[in-house]
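Hi everyone, thanks for coming. Please take a moment to look at the structure on the screen, and then we'll walk through it together.

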Amino acid sequence: MEVLYPRCAGLDVHKDSVFARVRCVSEPRHDEVRNFGTTTTALFELNEWLSMHGVTHVAMEATGVYWKPVWHMLEGSFELVLANAQHIRNVPGRKTDVNDATWIADLLVHGLIRSSFVPPVAIQELRDLTRSRKQLVRETAQHNQRIQKTLEDANLKVGSVLADILGKSGRAILQAIVDGQSDPEKLADLAQGSAKRKRAELVEALRGRIRPHHQALLRLHPKVIEALKEAIADIDARVGKTLTPILECARLLTTMPGVSDVTAQVMVAEIGVDMQRFPSAGHLISWAGLCPKNDESAGKRRSTRIRQGAPWLKTTLVTSAWGAVRAKDSYLQAQFHRLRARRGAKKAIVAVAASMLTAAYHMLKNGVEYKDLGAEHFTRRDQSKAIQRLLRRLNDLGCEVQINPQAA
């Protein structure tokens, strides 16, 4: 097999150690395995050792977050390749740290490792912020649910009467309960706005058995929610500053149906703004895990399930797709209804998400706004098939139809 990189190295990265194998097949030849720590000093030693042997390419596995400090320390000195661990699994029964480093180096020397997408540092920082924001939003929802659970345990059916238990009325009632008030009449008097019209229902819903245990929990969770909201506001401010140089790219994405400012920020953070990294829109969709995997044997397709792909991007796109299909007389809505009839709603919405990512690819690559193809796109694309389909439907309903094409 042809040697593409005659002076390369493979790294097996762990939390506290890095096993490195240098494989140099050109003069001066050298083949050695060494173990380094993961402290900054040890990684400097790794850099110097690789440079001393004239290494040009270095490959490593994407192992959790442990690869990131190694990557940052070697970036700029070598051509780095980040490999998906599933793509370079070693032979079962022969796995050791040394063998892993050796296997990675052997694959790299022949060019058999496909490099994973590693965005620039600015995009990595934006990605960290958007992912942290999503986690904090999830935690806020979880604490909201814990408040409802506590109220149910006390047999207070506030959630059945008030639309938002953390609204003005809900917060006033929760604070009164924490302060020791248990009279349902007095608690119902704290309702504000439209909730005043539900006083009778509130009085009945607020008859329960409140214990000191419930009061302690109802005091705790709202404080945590307030702290989480402050953290989210701080992250939003940081996202705004980080997004300033590429704000126009995010604005272009918001011209697509279903894409809000937050969704556009997540998309930019996950895929970047330089589409040269992906040879085509199909490569981007495959990387995101929004297309069926290849699993065929003996001429039979064994599975059409989509891969895990990029979970942060995929969940955001699918959520946005549900909003996009509500846009009337749009291409995305027509595509969803067309596929849902044959494949079901879940597969149809994934296809819509893939179409949105395809559009985002071309929008970012060419710097243009979204242009909707219209609900009649599929009919215009193949008019004869549409006519035959409608004729078959009419025949099934017992109608005899004669076609008279109109003059152009």
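**A walk through the sheet and the helices**

Let's begin in the sheet, where V81 in β5 is the bridge partner of A59. Before I go on, please keep in mind that this is a predicted model.

So what joins β4 and β5? Five bridges do, and the two strands pair in the parallel sense. Now look to the other side of β4. It runs parallel to β1, and four bridges join those two strands. There, A59 of β4 is the bridge partner of G10.

A quick piece of background: strands of a sheet pair through backbone hydrogen bonds, and the pairing can be parallel or antiparallel. Here we get mixed pairing, in an open sheet of five strands with the order β3-β2-β1-β4-β5. Which strands stand at the edges? They are β3, residues 30-37, and β5, residues 79-83. Each has a single partner strand, so one side of each is left without a neighbour in the sheet. If you ignore direction, neighbouring strands of this sheet are turned by 20° against each other on average.

For the antiparallel case, find β2 and β3, which are joined by eight bridges. You can spot V22 standing opposite E32 in β3.

**What covers the sheet**

Is β4 mostly covered or mostly open? Mostly covered: five of its five residues are buried. H57, A59 and E61 point one way from the strand, while V58 and M60 point the other way, and all are buried.

Two helices lie across strands of this sheet. Helix α1, residues 40-52, lies across β1, β2, β3 and β4, and it runs at about 170° to β3. Helix α2, residues 67-74, lies across β1, β2, β4 and β5, with an angle of about 170° to β4.

**Some salt bridges**

Next, the charged side chains. How many salt bridges are there? The count comes to 16. Let me show you some of them.

Start with R23 and D106, whose closest N and O atoms are 2.8 Å apart. R23 lies in strand β2, residues 17-24, and D106 in helix α3, residues 97-109, so this pair ties together parts that are 83 residues apart in sequence. Is R23 buried or exposed? Buried counts as under 20% relative accessible area, and R23 comes in at 18%, so R23 is buried. D106 has 24% relative accessibility, so D106 counts as partly exposed.

Compare that with R29 and E27. Their salt bridge has its closest N and O atoms 3.4 Å apart, and both residues are exposed.

Then there is a pair inside a helix: E248 and R251 meet in a salt bridge, 2.8 Å from N to O. They are three residues apart in helix α9, residues 247-253, so about one helical turn separates them. E248 counts as partly exposed at 45% relative accessibility, and R251 is partly exposed too, with a relative accessible area of 35%. One more thing on this topic: R21, R23, D31 and D106 are joined into one network by salt bridges that share partners.

**Helices against helices**

Let's finish with the helices further along the chain. Helix α10 covers residues 261-271, and nine of its eleven residues are buried, so α10 is largely enclosed by the rest of the structure. The buried ones include T263, Q265, V268 and I271. What do the buried residues of α10 pack against? They pack against α4, α8, α9, α11, α12 and α14. After α10 comes G272, which has a positive phi, near 75°.

Two of those partners make a nice example of packing. In general, two packed helices are described by the angle between their axes and the distance between the axes. For α12, residues 311-324, and α14, residues 345-366, the axes come within 8 Å and cross at roughly 105°. The two helices are therefore roughly perpendicular to each other. Among the residues making the contact are L313, L317 and W322 of α12, together with I349, V352 and M356 of α14. The residues of this contact divide into twelve nonpolar, one polar and no charged.

That's my tour. Please come and turn the model around yourselves!

Key: Residues numbered from 1 in each chain as written. Predicted model: local features only at pLDDT ≥ 70, side-chain atom pairs only at ≥ 80, totals over all residues. Heavy atoms only, no water. Axes fitted to C-alpha atoms, helices over the stretch in contact; angles between N-to-C directions. Parallel < 35°, antiparallel > 145°, perpendicular 65-115°, else oblique. Contact = heavy atoms within 4.5 Å. Nonpolar A, V, L, I, M, F, W, Y, C, P; charged D, E, K, R; others polar. Salt bridge = Lys/Arg side-chain N within 4 Å of Asp/Glu carboxyl O. Buried < 20%, exposed > 50% of the residue type's maximum accessible area, 1.4 Å probe, protein only. Pairing = 2+ DSSP bridges.
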